[in-house]
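Q: Please go through the labels used for this structure and explain what each one rests on.

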Amino acid sequence: QVQLVESGGGLVQAGGSLNLSCAASGRTFSWYAMGWFRQAPGKERVFVASISRSGGSTDYVDSVKGRFTISRDNAKNTVYLEMNSLKPEDTAVYYCSALSSYANHEAVASWGQGTQVTVSS
């Protein structure tokens, strides 16, 4: 199983940017599609973005399209989430995930521990 550790969360003003990273160890990173999910206070964890094993395909929830960019570096066993034009409603704990299927966001093989992102108005 792959182990995941997120970093890069923090407090930012609305309109600002943050870059999240997720470092993987254990089983071969390139075997997995990767995803980012988030959980706001009192709400369920929801899908944000995913990227295929090669990095050639990406998918986003509508609310972040044009503002967030997911990418990966298989040589560094790391996946990234660049977040721009942040809004207060983006406030959540962000979780990195290893996906056994790029097409199925529920096929989560591993979760990271999460990193808090807080956007102030």
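Q: Why is Ser50 called buried in this predicted model?
A: The relative accessibility of Ser50 is 0%. Buried means under 20% relative accessible area, so Ser50 counts as buried.

Q: Where is Ser50 placed, and which residues is Ser50 in contact with, leaving aside neighbours within four places in sequence?
A: Ser50 belongs to strand β5, which covers residues 45–51. With those neighbours set aside, its contacts are Met34, Gly35, Ser57, Thr58, Asp59, Ile70, Leu99, Tyr102 and His105. Contact here means heavy atoms within 4.5 Å.

Q: What makes β1 and β3 count as paired strands?
A: Six bridges join β1 to β3 (residues 18–26). Pairing needs at least two bridges, so β1 and β3 pair, and they run antiparallel. As one of the bridge partners, Ala24 in β3 sits opposite Leu4.

Q: What is the strand order of the open sheet of four strands, and why are β1 and β7 called edge strands?
A: The order is β1-β3-β8-β7, with antiparallel pairing. Both β1 (2–7) and β7 (68–73) pair on one side only. Neighbouring strands in this sheet are turned against each other by 20 degrees on average, direction ignored.

Q: What makes up the lining of the largest pocket, by class?
A: The lining has three nonpolar, two polar and four charged residues. Arg38, Lys43, Glu44 and Glu89 are among the lining residues, and Asp, Glu, Lys and Arg count as charged. Ala40, Val46 and Ala92 also line the pocket; Ala and Val count as nonpolar. The pocket has a volume of about 160 Å³.

Conventions:
Residues are numbered from 1 along each chain as its sequence is written. This is a predicted model: local features need pLDDT of at least 70, side-chain atom pairs count only at pLDDT 80 or more; totals for chains, interfaces and linings use all residues. Side-chain values use heavy atoms; hydrogens and water are left out. Helices (H or I, at least four residues) and strands (E, at least two) are DSSP runs, numbered from the N terminus. Axes are lines fitted to C-alpha atoms, for helices over the stretch in contact, and angles run from 0 to 180 degrees between N-to-C directions. On a 1 Å grid over the protein atoms alone, a cavity is a set of points where a 1.4 Å probe fits but cannot get out, and a pocket is an open set with protein on both sides within 12 Å along at least five of seven lines; lining residues have an atom within 4 Å of a point. Grid points are joined across faces, edges and corners, and a volume is the space filled by probe spheres set on the points. Buried means under 20% relative accessible area, exposed over 50%, partly exposed in between (1.4 Å probe, protein chains only).
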